[in-house]
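Here are my notes on this one, mostly about strand pairing and charged side chains. Have the viewer open while you read.

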Amino acid sequence: VLEVEKGVSIVGYKNVTINEPFFTGHFPNKAVMPGVLMIEAMAQLSGILGFVTVDRKPSVGVIHYLAGSSKVRFKRPVVPGDQLRLESRFVSGKHGIWKFDCRALVDGQVACVAEVMTAERNV
């Protein structure tokens, strides 16, 4: 995580390396980061923004689960050696359900966009 503006947005990075175990089968001779893992990374980043926004930490017995995603679009493949810039912007929150607009970029080019929902629940 590089930047956080409480209640507004968060920015983080994921360095994508050939050592990632998912590259073994996705795909042989043409390594591509699975889209579901990009969505998961955006959801985790969004969960951090949720925690920061309400001044909580997971250690208090609360967690943000990925509750859903919509408007997902993949614009370009993400491959070993790429640095994935992850961005999440808070849209709304009500009754422990949070909505975020997210995107993942490589070298300034959009790789993926999604609307992500997290559910804040007790562990």
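1. Start with the pair I'd look at before anything else: glutamate 115 and lysine 71 make a side-chain salt bridge at 3.6 Å, N to O (the criterion being a Lys or Arg side-chain nitrogen within 4 Å of a carboxyl oxygen of Asp or Glu). Glutamate 115 sits in strand β6 and lysine 71 in strand β3, 44 residues apart, so the contact links distant parts of the chain. Strands here are DSSP runs of E with at least two residues, and numbering goes from the N terminus.

2. A word on provenance. This is a predicted model, where local features need pLDDT of at least 70 and side-chain atom pairs count only at pLDDT 80 or more, while totals for chains, interfaces and linings use all residues. Residues are numbered from 1 along each chain as its sequence is written, and side-chain values use heavy atoms, with hydrogens and water left out.

3. Which partner is buried and which is exposed? Glutamate 115 counts as buried because its relative accessibility is 13%, whereas lysine 71, at 59%, counts as exposed. The cut-offs are under 20% relative accessible area for buried, over 50% for exposed and partly exposed in between, using a 1.4 Å probe and protein chains only.

4. The salt bridges around this spot form a network that links Lys71, Lys99 and Glu115. A search of the whole structure finds 8 salt bridges.

5. Now the backbone. Strand β3 (residues 62-74) runs antiparallel to strand β6 (residues 109-122), and 10 bridges join them; pairing requires at least two DSSP bridges between the strands. β6 also pairs with strand β5 (residues 97-106), again in the antiparallel sense, over 10 bridges. Glutamate 115 has serine 70 standing opposite and also aspartate 101.

6. Check the turn too: the hairpin of β5 and β6 has 2 residues between the strands, and aspartate 107 takes a positive phi there, near 50 degrees.

7. Glutamate 87 is worth a look as well. Its salt bridge with arginine 85 has the closest N and O atoms 2.6 Å apart, and the one with arginine 103 also has its closest N and O atoms 2.6 Å apart. The arginine 103 pair links distant parts of the chain, with glutamate 87 in strand β4 (residues 83-94) and arginine 103 in strand β5, 16 residues apart.

8. On accessibility, glutamate 87 is buried at 17%. Arginine 85 is partly exposed at 24%, and arginine 103 counts as partly exposed at 35%.

Methods: Helices (H or I, at least four residues) and strands (E, at least two) are DSSP runs, numbered from the N terminus.
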